Amino acid sequence: MNIQDAFHVRRRGFLKAAGAAAALAALPFAGRAIAADAPKLKIGMIGSGRVGGALGRVWAQAGHEVMFSSRNLDDDKALAAQVGARARAGTPEEAAAFADVVVFAVPYGALPELGKSLAESIRGKVVIDTCNPFPDRDGEIAERALAQGAGLVSAELLAGARIVRAFNAINSRRMAVAHEEPGRIGMPIAGDDEEAIRVASDLVREIGYEPVLVGGAGMGRYLMPRTPLAGELTVEEIRRIAATLQ
Ligand SMILES: NC(=O)c1ccc[n+]([C@@H]2O[C@H](COP(=O)([O-])OP(=O)(O)OC[C@H]3O[C@@H](n4cnc5c(N)ncnc54)[C@H](OP(=O)(O)O)[C@@H]3O)[C@@H](O)[C@H]2O)c1
């Protein structure tokens with residue numbers, strides 16, 4: 001199985017897994033201790049599959065208001081019902097308009113169109129970009145993102161947003177449970193906007209990872225599978241590796 005296969009999970013499978021994982025919602029939420037006084041945000045998930053579903057569920061458990069969206073509102077309604085009272089479902093347009101923070105968790109090939117259709121709603125907002133380019137899945141835009149760097153190309157596609165790249169090279173299954181042992185593992189993030197980095201860092205901590213800023217949008221090229229920063233690394237390991245990548 002190649003890395004893309006390993007990362008790719010069909011949505012139906014996710015919803016089944018989410019049903020089983022719903023029991024997790026009843027468990028004590030370890031991240032809550034870290035985030036107890038953090039401001040509660042409205043978070044719009046653009047894409048509610050493996051990554052969007054896992055992140056949105058944990059943030060809702062941490063007390064944020066989450067709106068799930070995709071091209072299938074019925075699936076998003078089912079997911080929101082599983083997650084509970086702080087989750088709702090809407091179209092991508094509704095989720096982007098609703099949100100203080102917009103999280104893109106879609107195949108990279110969807111970003112050009114979404115960047116256009118959501119341009120007004122995401123302008124000036126904090127955006128977390130979890131998306132990775134795979135040419136065989138995402139086509140020409142992925143070729144370009146690999147050549148120019150995903151951080152820079154995402155910034156072009158989602159122009160006007162305050163983008164932080166994060167969550168790109170860990171498996172979604174870990175995103176769902178990392179809060180059970182908060183802060184043990186580092187999370188490389190990249191971005192240029194100080195306030196967006198602060199907001200995204202708090203959200204990364206609530207998922208259970210300690211954020212490590214590795215640089216601006218240009219460094220976003222290293223935040224994806226098959227780079228030295230991929231996988232779960234300690235804060236010290238991330239800093240040491242990032243220093244060799246400038
Ligand atoms: N899976 C991982 O472990 C992992 C880890 C880190 C990063 N990533 C990256 O994160 C992104 C999401 O990965 P994933 O594994 O969560 O994928 P996934 O399970 O296939 O989910 C993708 C989600 O995006 C939605 N979507 C697709 N096209 C859309 C469009 N044009 N407009 C709105 N929604 C759309 C899908 O729903 P509909 O098709 O119903 O619209 C689905 O909800 C990818 O770029 C991936 O490379 C994945």
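The following paragraphs lead through a predicted model, from its overall make-up to its ligand shell, its nonpolar core, one helix pair and three individual loop residues.

The protein comprises 14 helices and eight strands. Of its 246 residues, 49% are buried. Among the contacts with a separation of 6 or more, 72% join residues 24 or more positions apart.

The ligand offers a first point of orientation. It is surrounded by 29 residues, the closest being G47, G49, V51, S70 and R71. Sorted by class, this shell contains 14 nonpolar, eleven polar and four charged residues. Two helices, α2 (11–25) and α4 (50–61), each provide at least two residues of the shell. The greatest contribution is that of α4, which supplies three residues.

Helix α4 also leads to the interior of the protein. The largest nonpolar core consists of 76 residues, and those with the most contacts inside it are I46, L55, V103 and A200. Helix α13, spanning residues 194–207, gives the most to this core, with seven residues. The surroundings of L55 can be described in detail: leaving aside residues up to four places away in sequence, L55 touches V103, A105, F167, M175 and I207. One of these partners, V103, is itself among the residues with the most contacts inside the core.

The contact between L55 and I207 belongs to the packing of α4 against α13. Two packed helices are described by the angle between their axes and the distance between the axes. For α4 and α13, the angle is about 90° and the axes lie 9 Å apart. An angle of 65 to 115 degrees counts as roughly perpendicular, and α4 and α13 are therefore roughly perpendicular to each other. On the α4 side, the residues that meet the partner helix are L55, V58 and W59, while α13 brings L203, E206 and I207. By class, the residues of this contact are five nonpolar, no polar and one charged.

Another partner of L55 is F167, which lies in the loop between β6 (162–165) and α12 (172–177). F167 counts as buried because 28 other C-beta atoms lie within 10 Å, where 20 or more are required. The backbone of F167 also deserves attention. Most residues other than glycine have a negative phi. The phi of F167, however, is positive, near 65°.

A positive phi is likewise found at R226, which is not a glycine and has a value of about 70°. R226 is placed in the loop between β8 (209–215) and α14 (235–243). Is R226 buried or exposed? R226 counts as exposed, because its C-beta neighbours inside 10 Å number 10 and the limit for that class is 12 or fewer. The two loop residues with positive phi described here thus stand in opposite settings, since F167 is buried whereas R226 is exposed.

The last site is L118, in the loop between α7 (111–117) and α8 (119–122). L118 is buried, because 24 other C-beta atoms lie within 10 Å. Which residues does L118 touch, not counting those up to four places away in sequence? The residues in question are P92, E93 and A96. As for P92, the C-alpha atoms of L118 and P92 are separated by 7.8 Å, although the two residues are 26 residues apart along the chain.

Note on methods: Residues are numbered from 1 along each chain as its sequence is written. This is a predicted model: local features need pLDDT of at least 70, side-chain atom pairs count only at pLDDT 80 or more; totals for chains, interfaces and linings use all residues. A residue is near a molecule or strand if its C-beta atom, placed from the backbone, lies within 6 Å of it. Helices (H or I, at least four residues) and strands (E, at least two) are DSSP runs, numbered from the N terminus. Ala, Val, Leu, Ile, Met, Phe, Trp, Tyr, Cys and Pro count as nonpolar, Asp, Glu, Lys and Arg as charged, and the others, Gly among them, as polar. A nonpolar core is a set of buried Ala, Val, Leu, Ile, Met, Phe, Trp, Tyr and Cys residues joined through C-beta atoms within 7 Å. Two residues are in contact if their C-beta atoms, placed from the backbone, lie within 7 Å. Axes are lines fitted to C-alpha atoms, for helices over the stretch in contact, and angles run from 0 to 180 degrees between N-to-C directions. Angles under 35 degrees count as roughly parallel, over 145 as roughly antiparallel, 65 to 115 as roughly perpendicular and the rest as oblique.
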